[in-house]
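Biologist: I'm new to this one, so please walk me through it and show me how each label is earned.

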Amino acid sequence: MMGQAEHVDAVEMLFTSLLVQAMRAMRRAVSTRDARARSRTRSFRSSFLSAFAARIGERLNESAHTEQDRAVHEYARDGTDLLPVLASKERQVEEAVTEAFPELGSVRLNHSNNVWGWRAGRASADSAALHTGQRIEP
């Protein structure tokens, strides 16, 4: 893992929490048969987890942008003092990732072969707890 120890610990805790939440929600929502009585458990689970991951990524990006905007407005005198610092940190992270993983790419998670799994995964991700102290529903 890369990063400062407290950041790595926080990411590991968030990952574990989201994994537990996803598995719990998926077990509650799983649909094992389609209208023709064919098994769809595998496709449901795959679609559920893909949608859950995609929506959690969206929520984390939204949260990061919101917090960055808040920090700039709260700590910067004219709204620009922190921008060079934030840009420098972002470049450092990008360089470290590129150095450690030179062939890293990205893919879009918008394909689903089970619409029920996709919808259930997104809905579960919308209600997932992302913050310390936020109650996780049983």
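**How the labels are earned**

Biologist: Why is Glu-95 called exposed?

Modeller: Its relative accessible area is 52%; exposed means over 50%, buried means under 20%, and partly exposed is in between (1.4 Å probe, protein chains only). So 52% puts Glu-95 in the exposed class. Before we go on: this is a predicted model, where local features need pLDDT of at least 70 and side-chain atom pairs count only at pLDDT 80 or more, while totals for chains, interfaces and linings use all residues. Residues are numbered from 1 along each chain as its sequence is written, and side-chain values use heavy atoms, with hydrogens and water left out.

Biologist: Where is Glu-95 found?

Modeller: In helix α3, residues 83-100. Helices here are DSSP runs of H or I with at least four residues, strands are E runs of at least two, and both are numbered from the N terminus. By that count the protein has four helices and zero strands, giving the pattern α-α-α-α along the sequence.

Biologist: What makes Glu-90, Glu-94, Glu-95 and Glu-99 a patch of negative charge?

Modeller: Asp and Glu count as negative, Lys and Arg as positive, with His and the chain ends not counted. A patch takes residues with over 30% relative accessible area and no salt bridge, joining like charges within 9 Å and nonpolar side chains (Val, Leu, Ile, Met, Phe, Trp, Tyr) within 5 Å. Those four Glu residues gather in such a patch on the surface. There's a positive patch too, formed by Arg-24, Arg-27, Arg-28 and Arg-45, and its largest share, three residues, comes from α1.

Biologist: How do you know that Arg-24 is partly exposed?

Modeller: Its relative accessibility is 31%, so it falls in the partly exposed class.

Biologist: Which residues make the nonpolar surface patch?

Modeller: Met-2, Phe-101 and Leu-104, covering about 320 Å². Met-2 sits in the segment before α1, and at 42% relative accessible area it's partly exposed.

Biologist: What makes the contact between Glu-58 and Arg-55 a salt bridge?

Modeller: A salt bridge needs a side-chain nitrogen of Lys or Arg within 4 Å of a carboxyl oxygen of Asp or Glu. The closest N and O atoms of Glu-58 and Arg-55 are 3.1 Å apart, which fits. Both lie in helix α2, three residues apart, about one turn of the helix. Arg-55 also meets Glu-62 in a salt bridge, at 3.5 Å.

Biologist: Is Arg-55 buried or exposed?

Modeller: Buried: its relative accessibility is 14%, so it counts as such. Its partner Glu-58 has 32% and counts as partly exposed.

Biologist: Which residue outside that pair forms a salt bridge with Glu-58?

Modeller: Arg-122, again with closest N and O atoms 3.1 Å apart. Arg-122 lies in helix α4 and Glu-58 in helix α2, so the pair ties together parts 64 residues apart in sequence. A network of salt bridges links Arg-55, Glu-58, Glu-62, Arg-122 and Asp-126.

Biologist: What does Ser-43 touch?

Modeller: Asn-113 and Asn-114, leaving out residues up to four places away in sequence; contact means heavy atoms within 4.5 Å. Ser-43 is in helix α2, and its relative accessible area of 19% makes it buried.

How values were computed:
Accessible areas come from the Shrake-Rupley method with a 1.4 Å probe; for residues, only the protein chains shown count as cover. The place of a charge is taken as NZ of Lys, CZ of Arg, CG of Asp or CD of Glu.
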